[in-house]
Amino acid sequence: MPEYREKLWAAPWLFLATALVIPASILVFTPISLPVGVITAAGLYAACVVLLIVASPVVRVRGGVLEAGKARISTAVLGEAIAFQGEDARQERGPKVDMRAWLLIRGWVDPVVRVPIEDVSDPAPYWLISSRHPKKLAAAINESRRPASGTSAS
């Protein structure tokens, strides 16, 4: 069985943008005390960085299961995964998205993979997952859907 793992880290510009809490905190606390402002600013920025790291979801294909963030689904009930990049990815995330689809998309990760759900009892027609390596993710999902050669389906 193929394995794939990717953590959807926040983009570097998000870490820079959260650095704006530093001057804002210093500005607010300077009338009270400059050292308090600096300590508060450092603490708030550190908390923002930790939050960005901890909140980054993991996409994984392992042991016949697709995990996207906290969601899990057996690859046995999945259709052919398709990778999208550029304008096609933008269309999939926007105008073409089905409101019933399950989404794990991040604005700072442009490419996506659409994974159809073939289980008729599942209300979601497909999953749409952001990935920095959409072709590798789609290949891992598609390979995981197929039974290993030499084994028979029961």
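This briefing covers strand pairing, a hairpin, a helix, ring contacts and selected residues in one structure. The model is predicted. Strands S3 and S4 form an antiparallel pair, as do S5 and S7 and S7 and S8. The buried residues of helix H5 pack against several strands, including S3, S7 and S8. One aromatic pair turns up in a search of the whole structure.

**Hairpin of S3 and S4**

- Strands S3 (65-68) and S4 (71-74) are connected by a loop that holds Gly-69.
- The two strands run antiparallel and are joined by four bridges.
- Across the pair, Glu-67 is opposite Arg-72 of S4.
- Two residues separate the strands of this hairpin, and Gly-69 has a positive phi near 65°.
- Gly-69 is partly exposed because its relative accessible area is 30%, which falls between the limits of 20% for buried and 50% for exposed.
- Beyond the residues up to four places away in sequence, Gly-69 touches Pro-57, Val-58 and Leu-104.
- Leu-8 is 61 residues from Gly-69 along the chain, and the two C-alpha atoms are 9.4 Å apart.

**Faces of S4 and the loop after it**

- In a regular strand, side chains alternate between the two faces of the sheet.
- S4 shows this alternation: Ala-71 and Ile-73 point to one face and are buried, whereas Arg-72 and Ser-74 point to the other and are not buried.
- Thr-75 is located in the loop that runs between S4 and S5.
- Thr-75 has a relative accessibility of 2% and therefore counts as buried, the limit being under 20%.
- Outside its neighbours within four places in sequence, Thr-75 contacts Gly-64, Val-65 and Leu-66, and also Ser-144 and Arg-145.

**Strands S5, S7 and S8**

- S5 and S7 are antiparallel and share three bridges.
- Ile-82 has Arg-114 of S7 as its bridge partner.
- S7 also pairs with S8, in the antiparallel sense, over five bridges.
- Pro-116 has Tyr-126 of S8 as its bridge partner.

**Rings and charges**

- The search for aromatic pairs across the whole structure yields one.
- The rings of this pair belong to Trp-102 and Trp-127; their centres are 4.5 Å apart and their planes meet at 40°, so the pair is classed as tilted.
- Trp-102 belongs to strand S6 (residues 102-104) and Trp-127 to strand S8, so that the pair links distant parts of the chain, 25 residues apart.
- Trp-102 is partly exposed, at 27% relative accessibility, whereas Trp-127 is buried, at 5% relative accessible area.
- Arg-114 places its charged end over the ring of Tyr-126, at 5.9 Å from the ring centre.
- Lys-7 lies over the face of Trp-9, and the distance to the ring centre is 5.3 Å.

**Loop from S8 to H5**

- Ser-131 is found in the loop between strand S8 (126-130) and helix H5 (134-145).
- With a relative accessibility of 0%, Ser-131 counts as buried.
- The side chain of Ser-131 reaches the backbone nitrogen of His-133 at 3.1 Å.
- Apart from neighbours within four places in sequence, the contacts of Ser-131 include Tyr-4, Glu-6 and Leu-8.
- Ser-131 is also in contact with Val-109, Pro-111, Val-112 and Val-113, as well as with Leu-137.

**Helix H5**

- H5 consists of twelve residues and spans 17 Å from its first C-alpha to its last, close to the 16 Å expected at 1.5 Å a residue.
- The buried residues in H5 are Pro-134, Leu-137, Ala-138, Ala-140, Ile-141, Asn-142 and Ser-144.
- The strands that these buried residues pack against are S1 (4-7), S2 (58-62), S3, S5 (82-84), S7 (112-116) and S8.
- Ala-140 is a residue of H5 and is buried, with 6% relative accessible area.
- Neighbours within four places in sequence aside, Ala-140 is in contact with Pro-2, Tyr-4 and Val-61.
- The C-alpha atoms of Ala-140 and Arg-60 are separated by 9.2 Å, although the two residues are 80 residues apart along the chain.

Terms used: Residues numbered from 1 in each chain as written. Predicted model: local features only at pLDDT ≥ 70, side-chain atom pairs only at ≥ 80, totals over all residues. Heavy atoms only, no water. Buried < 20%, exposed > 50% of the residue type's maximum accessible area, 1.4 Å probe, protein only. Contact = heavy atoms within 4.5 Å. Polar contact = N/O pair within 3.5 Å; in protein donor to acceptor, adjacent residues only side chain to side chain. Pairing = 2+ DSSP bridges. Expected span 1.5 Å × (residues − 1). Phe/Tyr/Trp six-rings, centres within 6.5 Å; stacked < 30°, edge-to-face > 60°. Lys NZ or Arg CZ within 6 Å of the ring centre and 35° of its normal.
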